[in-house]
Amino acid sequence: MTSEADGAMRARRLELVRPGDLRALLAEGTRAQHEDGDLEAGRQCFERAYRLAEQAGDTESMALAALGLGGLWVREGRTVTSSVLLEARLQHVLALLEGDSPLALRIRTRLAGEADYARGTHADIMAALDEVRAAGNPEMLAEALRIAHHCLLGPEHVARRRTLAVELTKASVRTDRRSDLLMGLLWQTADAYCA
């Protein structure tokens with residue numbers, strides 16, 4: 001198919017989905033996760049947003065929805081089937097994005113964390129975290145810190161987890177997200193008990 005025909009097909013698909021609906025679902029999912037702490041409501045919004053974005057051929061919205069479906073935690077309340085579906089969606093969207101875009105970095109970071117967590121390792125997520133730190137985006141940093149913290153679960157990782165929790169608390173000042181502050185403080189407390 002020519003690029004002109006591809007563009008016409010995308011335009012027809014976008015007519016079926018009102019962009020305002022898609023943006024509203026993404027915003028509602030983000031609010032549910034980060035402000036209300038209602039992870040299930042967030043997942044429902046992101047699931048609907050992903051399906052609408054896929055129907056519309058809106059790659060950026062698909063990426064944002066897939067990241068939202070990942071949740072605040074690694075393997076957040078998911079079955080094996082839903083974990084495989086999330087990974088497939090993230091891989092699919094990653095293939096559609098520019099390789100050096102911030103969204104692609106976020107997706108690579110999530111994939112690294114999910115894979116490390118499943119294997120009981122942490123090398124890939126820590127490398128991704130270094131890349132995110134270099135990018136200088138506080139929301140991306142908070143997201144990567146949350147993921148990395150979940151991949152460092154052994155007793156030998158207590159000191160590293162405490163460092164990440166402090167860094168997340170500091171990042172929360174720049175993200176201005178209540179969820180980042182609360183999670184950073186909670187982890188500092190839990191990690192202090194572990195120590």
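**Briefing: salt bridges, one aromatic pair and helix H10**

Aspartate 124 comes out as partly exposed, because its relative accessible area is 41% (buried is under 20%, exposed over 50%, and partly exposed in between, with a 1.4 Å probe and protein chains only). Its side chain meets that of arginine 119 in a salt bridge, 3.0 Å from N to O (a side-chain nitrogen of Lys or Arg within 4 Å of a carboxyl oxygen of Asp or Glu). Keep in mind that this is a predicted model: local features need pLDDT of at least 70, side-chain atom pairs count only at pLDDT 80 or more, and totals for chains, interfaces and linings use all residues. Residues are numbered from 1 along each chain as its sequence is written, and side-chain values use heavy atoms, with hydrogens and water left out.

**Confidence**

- Mean pLDDT (the predictor's confidence in each residue, from 0 to 100) is 90 for the chain, and 90% of the residues reach 70 or more.
- Among the elements, helix H1 (residues 3-16) has the lowest mean, 54, while helix H7 (residues 123-135) has the highest, 98; helices are DSSP runs of H or I with at least four residues, numbered from the N terminus.
- Over residues 10-14 the pLDDT drops below 50, and this stretch has six contacts beyond near neighbours in sequence (contact means heavy atoms within 4.5 Å).

**Salt bridges**

- Searching the whole structure turns up 17 salt bridges.
- Arginine 119, the partner of aspartate 124, is partly exposed too, with a relative accessible area of 48%.
- Glu139, Arg146, Arg177 and Asp180 are joined into one network by salt bridges that share partners.
- In helix H6 (residues 102-119), arginine 110 and glutamate 114 sit four residues apart, about one turn of the helix, and their side chains meet in a salt bridge at 2.9 Å, N to O.
- Both ends of that bridge are tucked away: arginine 110 is buried at 2% relative accessible area, and glutamate 114 is buried at 8%.
- Helix H3 (residues 39-56) holds another pair four residues apart, arginine 51 and glutamate 47, whose closest N and O atoms are 2.7 Å apart.
- Arginine 51 is exposed, with a relative accessible area of 53%.

**The aromatic pair**

- The whole structure yields one aromatic pair (rings of Phe, Tyr and Trp, taking its six-membered ring, with centres within 6.5 Å; planes under 30 degrees apart are stacked, over 60 edge-to-face, the rest tilted).
- The ring centres of tryptophan 73 and tryptophan 187 are 6.0 Å apart and the planes make an angle of 65°, so this one is edge-to-face.
- It ties together distant parts of the chain, 114 residues apart: tryptophan 73 is in the loop between helix H4 (59-70) and helix H5 (80-96), and tryptophan 187 is in helix H10 (residues 178-194).
- Tryptophan 73 is partly exposed at 27% relative accessibility, whereas tryptophan 187 is buried at 8%.

**Helix H10 and the loop before it**

- H10 has 17 residues that should span 24 Å at 1.5 Å a residue, and its end C-alpha atoms are indeed 24 Å apart (the expected span is 1.5 Å times one less than the number of residues).
- Its buried residues are Ser179, Asp180, Met183, Gly184, Trp187 and Asp191.
- Those buried residues fall within an arc of 125° down the axis, so they line one face of H10 (the arc is that of the directions from the helix axis to the C-beta atoms).
- Arg178 and Tyr193 are exposed on the other side of H10.
- Aspartate 176 lies in the loop between helix H9 (158-175) and H10, and is exposed at 71% relative accessible area.
- Most residues other than glycine have a negative phi, but aspartate 176, not a glycine, has a positive phi of about 60°.

Technical notes
Helices (H or I, at least four residues) and strands (E, at least two) are DSSP runs, numbered from the N terminus.
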